[in-house]
Amino acid sequence: MSILVIAEIDSHGIKAATRSAIAAAGQFGEEVHLLLAGSDLAGIAAKAKSINGLSKILVADAAEYAHGVAENLTPLLVKLAPSYSTVVAAATSFGKNLLPRAAALLDAAMVSEVTKIVSARTFVRPIYAGNLNATVEAPAGLALITIRPTVFEAAAETGGDAAIENIAATGDAGKTTFVSRELAVSDRPELATAKVVISGGRSLGSKEAFHGTLEPLAAQLGAAIGATRAAVDSGMAPNDWQVGQTGTVIAPDLYIAFGVSGAAQHVGGIKDAKVIVAVNTDPDAPIFQVADYGLVADLFNVVPELTAALQH
Amino acid sequence: MKILVNIKRVVDYQVTVRPTADGKDVETAGVKMSINPFDENALEAAVRLKEAGVATEVLAVAIGAAANQDVLRHALAMGADRALLVETDAPVQTLQTAKVLKALVEREAPQLVMTGKQAIDDDAAETAQMLSALLDWPQATFASDIQIADGRATVVREIDGGQETISFALPAVISADLRLNEPRFIKLPALMMAKKKPLENIALADLGNTAAPSLTLQAVNEPPARKAGRVLNNVAELVAALRAEKVLP
Ligand SMILES: Cc1cc2nc3c(=O)[nH]c(=O)nc-3n(C[C@H](O)[C@H](O)[C@H](O)COP(=O)(O)OP(=O)(O)OC[C@H]3O[C@@H](n4cnc5c(N)ncnc54)[C@H](O)[C@@H]3O)c2cc1C
């Protein structure tokens, strides 16, 4: 049987996280189909055709799918899923919102935030903020899974030639009214996918100090800025900058933590970073246990020095 | 309006968990347990809705062993009016939880069900979505602001890179993000009062068939340790090290 991947669409088209889901679906060794549900899809479908690894794209073009409302998309999934062995989506806020809803109606196994596909029904997923990994086996029959996009390299945008099939929409469930969406606009890279992330903790002290200290360095490095929950809670940084169990899980090439203690809930979000640097005045701060390089120093000295050093 | 809040008893967030000796499960023997932090946010929101006169009753429910009475007492001390334990010693996974909650909703007829957005043990983030599906109700997951008026809810949800606002008619299921509020600190008089509030027990089997497909836990491992780090002396050394790693230009 084939695998069905659920596409997530934003203003730029299909999200990179969906291409990670396509790559993960490829590991089952079956045909991979993509469900593209949204409104005004002609251009997006034409582009999706060439994503590597897809054999078919099911296009459901209807107004009720425009904002990714789970109540409207679920009936479509419930209709399609029984023809597939596995349904896959990225564990983004979109995928996490949608797949469990469909799994319940299908009375099917749900495996969330998979980081490794061991076999068609055996998966590894992090538990306890990533402090432990659990290997779980789903019973035979349909399984719905969300995969953590940072651990599966996204399928290439080219190289494929999928067939396109238009399918009927399931109508507006009439349950939820989408009101508005406010996305942070920034000319810096997106936190989830940035190659370099620098982050700050409570010790930055104020919103002004947080931004004033970290932004010049972020600009210098082309980095995204992250924050701890303590920094977010005290209003220094916006919520969507939060890195960790509750915030965004990231896997940059370089992560620099300034004045971050290294609580398990924070570290859970950075474990897959290639190189971790910690700058903290406390030599016993737990962050040093996961850091590849550490400086026991005051961040208010280190950040400007580093910014200056990189100008040469 | 009645609000049903689902809470889970989990290993306290400050405990470092380890696998059991046979590597097949998580060691929970002798470990401090607490109410799941996100469920505390859900409960706080429900209690505030009652204090604001929007809700008339807050019912806290938990599913699991008799030991769950401690988190239910905590919920009563936070301001829940009564509590209900669906007792079972067997592990209950998410879809079964949703089926149990559905049975309770049919019994209790709340207009709103709230729970945390995820439990910090399995980190699954599935319960609210599954329950609202089974009830055919609207869902609002990862909620950071809830306004209720005239039988409708307007909810701000945390999404990747920002937030969105949705609106729907009750009944509905809402899952709470940490941003929703700051749970109150429980004072001694509240704890004393909680002892007098009703806490009812129901056997899981008495709720009818709640069977659901379940995952088999095969192994629990610690993630591979990172290679030992180096403490450097100054920024120049750091820049040199990072250039050698090819993560800096
Ligand atoms: C359910 C739950 C989920 C959570 N999820 C997350 C999450 O996703 N992400 C997250 O980050 N947290 C999360 N937390 C919170 C987490 O447990 C910690 O409280 C938080 O990460 C601590 O933030 P911090 O390091 O900024 O603050 P602190 O712990 O206060 O640490 C500040 C650090 O700065 C150092 N310092 C002080 N001054 C300086 C200076 N001038 N220069 C250098 N260093 C300095 C100190 O030595 C200290 O180590 C969660 C908590 C719970 C209960």
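What follows is a short walk through a sheet, two helices that pack on it and a ligand site in a predicted model. Because the model is predicted, local features need pLDDT of at least 70 and side-chain atom pairs count only at pLDDT 80 or more, while totals for chains, interfaces and linings use all residues. Residues are numbered from 1 along each chain as its sequence is written, chains are lettered from A and ligands numbered from 1 in the order in which they are written, and side-chain values use heavy atoms, with hydrogens and water left out.

The sheet comes first here. It is open, has 10 strands with mixed pairing, and runs in the order 13(A)-9(B)-8(B)-7(B)-10(B)-6(B)-1(B)-4(B)-5(B)-11(B). Strands (E, at least two residues) and helices (H or I, at least four) are DSSP runs numbered from the N terminus, and two strands pair if DSSP finds at least two bridges between them. At the edges sit strand 13 (176–183) of chain A and strand 11 (199–203) of chain B, each pairing on one side only. On average, neighbouring strands are turned by 30° against each other, direction ignored. Strands 8 (residues 152–159) and 9 (residues 162–169) of chain B run antiparallel and are joined by eight bridges; V155(B), for instance, has I166(B) in strand 9 as its bridge partner.

Two helices pack on this sheet, with contact meaning heavy atoms within 4.5 Å. Helix 4 (residues 93–106) of chain A touches strands 7 (139–149) and 8 of chain B, and its direction makes about 90° with that of strand 7. Angles run from 0 to 180 degrees between N-to-C directions, using lines fitted to C-alpha atoms, for helices over the stretch in contact. Helix 1 of chain B touches strands 1, 4, 6, 7 and 10 of chain B, making about 145° with strand 6.

Helix 1 of chain B covers residues 37–51. Since 11 of its 15 residues are buried, this helix is largely enclosed by the rest of the structure. Buried means under 20% relative accessible area (1.4 Å probe, protein chains only); among the buried residues are F38(B), L43(B) and V47(B). G53(B), with a positive phi near 85°, follows the helix.

The ligand lies between chains A and B. Of the 30 residues around it (a heavy atom within 4 Å), those coming nearest are R202(A), T228(A), T246(A), Q265(A) and N280(A). A polar side-chain atom of N280(A) lies 2.7 Å from a ligand oxygen atom, and one of D298(A) lies 2.9 Å from a ligand nitrogen atom.

Terms used. The expected span of a helix is 1.5 Å times one less than its number of residues. Buried means under 20% relative accessible area, exposed over 50%, partly exposed in between (1.4 Å probe, protein chains only). A polar contact is a pair of N or O atoms within 3.5 Å; within protein, one must be able to donate a hydrogen and the other to accept it, and residues adjacent in sequence count only if both atoms are side-chain atoms.
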